[in-house]
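Good morning, colleagues. Please have the sequence and the coordinates open, since I shall refer to individual residues throughout.

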There are 2 protein chains.
Amino acid sequence: MNKILIIEDDPAVSKGLEISLKNENYEPLIENDGEKGFQTALKIRPGLILLDIMLPNKNGFDICRDLRLSGHNFPIIMLSAKAEEADKVIGFELGADDYVTKPFSVKELMARIKAVLRRRSVIVSDFDKYEFDDVTLDFSKLEAKKGNKKIDMSLKEYEIMKYFISKEGLIVTRNDLLDEVWGYENFPTTRTVDNYILALRKKIETNHSRPKHLLTFHSAGYKFVK
Amino acid sequence: MNKILIIEDDPAVSKGLEISLKNENYEPLIENDGEKGFQTALKIRPGLILLDIMLPNKNGFDICRDLRLSGHNFPIIMLSAKAEEADKVIGFELGADDYVTKPFSVKELMARIKAVLRRRSVIVSDFDKYEFDDVTLDFSKLEAKKGNKKIDMSLKEYEIMKYFISKEGLIVTRNDLLDEVWGYENFPTTRTVDNYILALRKKIETNHSRPKHLLTFHSAGYKFVK
DNA sequence: TTCATTTTTGACAATTCTGTGACAATTCAA
DNA sequence: TTGAATTGTCACAGAATTGTCAAAAATGAA
């Protein structure tokens, strides 16, 4: 997931970036045409896009906006020769993650790439407070309460709850959870999931052996209901 | 530092905004009168102002202009029923940061608030004295006290405290700190952060091994509470 | 330059979290 | 109703993270 798509029509710039990125163990790919770049982005789903603004066929702003409109949220860093604030603002409003003006120092750009990727790797979806029954979860403060008693939950437990909540009312299989919460780095057994369910039930359910929110669906998975 | 002043005379709108903002962990405050809103802005120095245009006593354009004239640069997002481009231009020329036409989607407005605050977040943090428990920090004089004993703190320690304070109650990851306090020039390891935490705890906590203000959140980061 | 201070790193200890397997309980299907 | 499969439950080992200290490296002033 460290593919980086460079959409940039000046070979001097793109070649330089390619070399620097390879040095940092990313996998750079160059497109020098706006429309083709856009298509490639959709196809290869890069981990990050370095996006020039002035491009043949489709400019950077349009690419950024269209990617966002079509529901993709690849991290995007816009590159531009113009230092004007206006460009910057537009870039951010279209959903760019960062904005770098040429000429830029390679070191700085690398740092910004790292920063953007780091920020993204943490954030998942866009609610950070959620309530059901007598339970309150605050994901940005990592605070949880049942009634007026604080609940101690680990980060992984928050992540699991967040995933369940985002799928409220739907069956979530153990493999869904392993893929989405644990990711592709770790491969615990499906039993691990059951253990977390148990732990969560003890925390959020009034009677953990008669769950009302984290329900079992035999030989399918679990379902969270509000 | 996340107070948001809503100056809006339609309760249907302001109440709705209040609820949404609370959900996002902001602290909304409503004024329904132009002149009073203006005075309140001067008094409470909000982190951002949501400003309607049509208002009793003093309209939004005047409020915006007068705030800027009196040297304040709170981020301002203008709200208006009129979609006319003219309004837009005037709003920006008066120094508004963004402009949203009613009816607006709450999600969009929240996104714009975040975007404006992000753009501004580099500049703001305009407090230079802060107190909690028996600790006093003066960021412009670089003086600190616990009880009546002076504390020796390095500049970086002041910067870290300032960042924590600006995120009071929220989780701050080590990477947040590295991005925001250290910036893009230096890349110390995350262990460096822990060491600063230790040093700061020894200085500001009464019992550094039982911290009450700089709290650890395992596998997430730290949180400052007042 | 030297010296004092600040910043960073690395090592190790202490703590917390995760994952696993065993066994019990439950569910399903025939 | 019975047996196989699935899920509930628990306690423990070892992984991973954080606390802590001391020493090395960097910085800045005299």
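In this predicted model, a polar atom of the B:Glu8 side chain lies 2.9 Å from the backbone nitrogen of B:Asp10. B:Glu8 itself belongs to the loop that runs between strand E1 (3-7) and helix H1 (11-23) of chain B. Is this glutamate buried or exposed? Its relative accessibility is 1%, and B:Glu8 therefore counts as buried.

A second charged residue of chain B deserves attention. B:Lys223 is part of strand E12 (residues 221-224) of chain B. With a relative accessibility of 2%, B:Lys223 also falls below the 20% limit and so is classed as buried. Which side chain does B:Lys223 meet in a polar contact of 3.0 Å? The partner is A:Glu143, on the other chain. Beyond its neighbours within four places in sequence, B:Lys223 touches A:Lys141 and A:Glu143 of chain A, and, in chain B, residues including B:Phe164, B:Ile171, B:His213 and B:Phe217. The C-alpha atom of B:Lys223 is 8.1 Å from that of B:Lys167, although their positions lie 56 residues apart along the chain.

For comparison, let me take a residue of chain A. A:Ser20 sits in helix H1 (residues 11-23) of chain A. Its relative accessibility is 16%, which is why A:Ser20 counts as buried. Setting aside neighbours within four places in sequence, A:Ser20 has contacts with A:Val106 and A:Met110.

I turn now to chain A as a whole. Its secondary structure consists of eight helices and 12 strands. Of its 226 residues, 45% count as buried. Among contacts in chain A with a separation of 6 or more, 53% join residues 24 or more positions apart. The chain exposes about 11,900 Å², and carbon and sulfur atoms supply 50% of that area.

The next topic is the nonpolar interior. How many residues make up the largest nonpolar core? There are 30, and those with the most contacts inside the core include A:Phe132, A:Met161, A:Leu177 and A:Phe224. Strands E6 (129-132), E7 (135-138) and E12 (221-224) of chain A each give two or more residues to this core, as do helices H6 (155-166), H7 (174-182) and H8 (190-204) of that chain. The largest share, six residues, is supplied by H6(A). A separate core of 27 residues includes B:Met153, B:Leu177, B:Ile204 and B:Phe224.

A:Phe224 illustrates how parts of chain A come together. Leaving out neighbours within four places in sequence, its contacts include A:Tyr130, A:Phe132, A:Met161, A:Phe164 and A:Leu214. The list also contains A:Glu168, A:Gly169 and A:His213.

Let me move on to the DNA, beginning with strand D. This strand is surrounded by 30 residues, of which the closest are A:Asn195, A:Lys202, A:Thr216, B:Asn195 and B:Thr216. By class, the surface near strand D comprises eight nonpolar, 12 polar and 10 charged residues. H8 and strand E11 (214-217) of chain A, together with helix H8 (190-204) and strand E11 (214-217) of chain B, each provide at least two residues of that surface.

Which parts of the nucleotides face the protein? Of the atoms of DNA strand D within 4 Å of the protein, 72% belong to sugar or phosphate, and the rest to bases. On the phosphate side, an N or O atom in the A:Lys202 side chain is 2.6 Å from a phosphate oxygen of strand D. A polar side-chain atom of A:Tyr222 likewise lies 2.6 Å from a phosphate oxygen of this strand. On the base side, an N or O atom in the side chain of B:Asn195 is placed 2.3 Å from a base nitrogen of strand D.

Finally, DNA strand C. It has 20 residues around it, and A:Thr189, A:Asn195, B:Ser154, B:Trp182 and B:Thr189 come nearest. Sugar and phosphate make up 76% of the strand C atoms that come within 4 Å of the protein. The nearby surface divides into six nonpolar, 10 polar and four charged residues. H8 of chain A and H8 of chain B each contribute at least two residues to it.

Three pairs complete the description of strand C. A polar side-chain atom of B:Trp182 is 2.9 Å from a phosphate oxygen. An N or O atom in the side chain of B:Arg191 lies 3.4 Å from a base nitrogen. For B:Asn195, a side-chain N or O atom is 3.3 Å from a base oxygen of strand C.

How values were computed:
Residues are numbered from 1 along each chain as its sequence is written. Chains are lettered from A and ligands numbered from 1 in the order in which they are written. This is a predicted model: local features need pLDDT of at least 70, side-chain atom pairs count only at pLDDT 80 or more; totals for chains, interfaces and linings use all residues. Side-chain values use heavy atoms; hydrogens and water are left out. A nonpolar core is a set of buried Ala, Val, Leu, Ile, Met, Phe, Trp, Tyr and Cys residues joined through side-chain atoms within 4.5 Å. Buried means under 20% relative accessible area, exposed over 50%, partly exposed in between (1.4 Å probe, protein chains only). Helices (H or I, at least four residues) and strands (E, at least two) are DSSP runs, numbered from the N terminus. Contact means heavy atoms within 4.5 Å. Accessible areas come from the Shrake-Rupley method with a 1.4 Å probe; for residues, only the protein chains shown count as cover. A residue is near a molecule or strand if one of its heavy atoms lies within 4 Å of it. A polar contact is a pair of N or O atoms within 3.5 Å; within protein, one must be able to donate a hydrogen and the other to accept it, and residues adjacent in sequence count only if both atoms are side-chain atoms. Ala, Val, Leu, Ile, Met, Phe, Trp, Tyr, Cys and Pro count as nonpolar, Asp, Glu, Lys and Arg as charged, and the others, Gly among them, as polar.
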